[in-house]
Amino acid sequence: MTVETTTNLNLSKPDDTEIGRLWADEDELHKANNVLIDTALGSPELLTYEPTLYATTTDPTIGDGGEINGWYKILPNDWIMGWVTILFGTGGGGGSGNWRLSLPENRDTTIHSGSASAGLGSIIGEGYFRDNSVTANSQLGLAQFTSDLPSSILFLTEADSSVRVIQDNSPFTWTDGDRLTCSFFYKAVFA
Amino acid sequence: MSTTTTPNLGLIKPDLLEPMPNWADQNASNCDAIDDFFNYSENSYEPIWSAVTTAPTLGLDGTIEGTWQRLWPGLIRVEIHIDTGSGFIEGSGAYSLSLPVNAHPLLETDTAFGSGTAVGRAYIRDFTTTANSQMLTMRLRSNSTIGGDTEAGNSPSTWTDSSPFTLAHNDRITITLFYLEDTA
């Protein structure tokens, strides 16, 4: 079929002659166009995933009654918008070393860079870190791609005088009742 | 053609009294309208880094790189990475960086501290003294430039050659922006 097509989605634009001559196929063009549009719109539903919180030395423990939840939506052209909430429960703690949090899909490395050092990777989101027992310690921060894995982020804050990456004792010592929430937006590569 | 159209994309909606003769034109028009809606693009540019009095000098092996995407009609995402090189000179005055495409004229612009539409975040890293590193809120100084405000420490202020600290060799600025473009 030699009908004219659009530049972005390749939608078929038959002219009058092609419509008459390929009438039977015209309905197929409709179907094909609808599939192209539907695919380009991305996933219509809000998806869930179970984020993994880990650290460079010893992984944090969520604790009894704690929760870690992740939601995301696939947008056109493989961009992902998502959110994570973490609540530390009884016996929960921050492990040791700088934290990492897994995302639902790998990043597109042609657009986003990653680094284990503060301020050297792409910033793709924001977060808030709540100290449940001493509210004054609570901080906002940024989500940065780390280089350890293509689907993980670390968190930056300004709270501590020397440490800028969130870890077990920064911006405070994490324990029962503390919370972390963040959002992210990035371009993914699907396997 | 007197057919009705949809409010957002202007898709043509012929009724029973407006049948086949213009079908091909109508279909082509609708296809183009839908296609324009998905006019996604990935691009790069070199931001111009300037200051109110004297522009900074990037220094030997310093880099300034910008990538941007048109995610949705009129929605622009920008990522800027600056690495200061050997012999970097900080210049003087409030800093600004150029945008790849102008911001929508309805978005407020202002050069004063805490003013102008907030369009993103930045992290400014002090290589030698990590404790100086800061987050910035990036905002529109004009419809073609952004500036920054610090939001922590003892004295929140506009991002300048001396605030939140004086940049030097190996420092890094990472910026992510979202804004609507001027489509006029």
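**Exercise 1. Which residues point one way from β11(A), and which the other way?**

Solution. Keep in mind that this is a predicted model.

- Step 1: sort the side chains. S152(A), L154(A) and L156(A) sit on one face of β11(A), pointing one way, while I153(A) and F155(A) point the other way.
- Step 2: check the burial. Buried means under 20% relative accessible area, and five of the five residues of β11(A), which spans residues 152–156, pass that test. The strand is therefore largely enclosed by the rest of the structure.
- Step 3: look for the strands beside it. Strand β7 of chain A (residues 99–102) runs antiparallel to β11(A) and is joined to it by two bridges. Here L101(A) has I153(A) as its bridge partner.
- Step 4: add β10 of chain A, residues 139–145. It pairs with β11(A) in the antiparallel sense too, over four bridges, and L142(A) stands opposite L156(A). Six residues lie between β10(A) and β11(A) in the hairpin that they form.

**Exercise 2. Put β11(A) in context by describing chain A as a whole.**

Solution.

- Step 1: count the elements. Chain A holds two helices and twelve strands.
- Step 2: read them off from the N terminus: β-β-α-α-β-β-β-β-β-β-β-β-β-β.
- Step 3: turn to burial and surface. Of the 191 residues in this chain, 50% count as buried. Its accessible surface is about 8600 Å², and carbon and sulfur atoms own 49% of that.
- Step 4: ask how far contacts reach along the sequence. Take the contacts in chain A with a separation of 6 or more: residues 24 or more positions apart account for 65% of them.

**Exercise 3. Work out the strand order of the open sheet in chain B and find its edges.**

Solution.

- Step 1: write the order. Nine strands line up as β3-β5-β6-β11-β8-β9-β10-β7-β4 in chain B, with antiparallel pairing.
- Step 2: pick the ends. β3 (41–45) and β4 (49–51) of chain B are the edge strands, each pairing on one side only.
- Step 3: get the twist. On average, neighbouring strands of this sheet are turned by 25 degrees against each other, direction ignored.
- Step 4: zoom in on one edge. Three bridges hold the antiparallel pair of β4(B) and β7 of chain B (residues 95–98), and A51(B) stands opposite Y95(B) there.

**Exercise 4. Is R172(B) buried or exposed, and what does its side chain meet in a polar contact?**

Solution.

- Step 1: locate it. R172(B) belongs to strand β11 of chain B, residues 172–180.
- Step 2: apply the cut-off. At 13% relative accessible area, R172(B) is buried, because the limit for that class is under 20%.
- Step 3: find the polar partner. The side chains of R172(B) and D83(B) make a polar contact at 2.5 Å.
- Step 4: list who else is around. Setting aside neighbours within four places in sequence, R172(B) touches residues from both chains, including G119(A) and L120(A) on one side and H81(B), Y123(B) and R125(B) on the other.

**Exercise 5. How many residues of each chain are in contact across the interface, and what is the area buried there?**

Solution.

- Step 1: count. 45 residues of chain A are in contact with 36 residues of chain B.
- Step 2: take the area. The size of an interface is often given as the accessible area lost when the parts come together. Between chain A and chain B, that is about 3400 Å², with 59% from carbon and sulfur atoms.
- Step 3: name the top trio. I123(A), E158(A) and R164(A) supply 18% of the area that chain A buries against chain B, more than any other three residues.

**Exercise 6. Hunt for unusual backbone geometry in both chains.**

Solution.

- Step 1: recall the baseline. Most residues other than glycine have a negative phi, and most peptide bonds are trans.
- Step 2: spot the cis bonds. One joins S170(A) and P171(A), with omega about 5 degrees; P171(A) is in the loop between β11 and β12 (179–189) of chain A. Another runs from S163(B) to P164(B), omega near 5 degrees, and P164(B) is in the loop between β10 (145–150) and β11 of chain B.
- Step 3: spot the positive phi values. D78(A) has phi near 70 degrees and is in the loop between β5 (67–75) and β6 (79–87) of chain A. For D61(B), phi is about 65 degrees, and this residue lies in the loop between β4 and β5 (63–72) of chain B.
- Step 4: compare exposure. D78(A) is partly exposed at 34% relative accessible area, whereas D61(B) is exposed at 70%.

Definitions and conventions:
Residues are numbered from 1 along each chain as its sequence is written. Chains are lettered from A and ligands numbered from 1 in the order in which they are written. This is a predicted model: local features need pLDDT of at least 70, side-chain atom pairs count only at pLDDT 80 or more; totals for chains, interfaces and linings use all residues. Side-chain values use heavy atoms; hydrogens and water are left out. Buried means under 20% relative accessible area, exposed over 50%, partly exposed in between (1.4 Å probe, protein chains only). A polar contact is a pair of N or O atoms within 3.5 Å; within protein, one must be able to donate a hydrogen and the other to accept it, and residues adjacent in sequence count only if both atoms are side-chain atoms. Contact means heavy atoms within 4.5 Å. Two strands pair if DSSP finds at least two bridges between them. Axes are lines fitted to C-alpha atoms, for helices over the stretch in contact, and angles run from 0 to 180 degrees between N-to-C directions. Accessible areas come from the Shrake-Rupley method with a 1.4 Å probe; for residues, only the protein chains shown count as cover. Buried area is the accessible area (1.4 Å probe) that two parts lose on being put together, summed over both.
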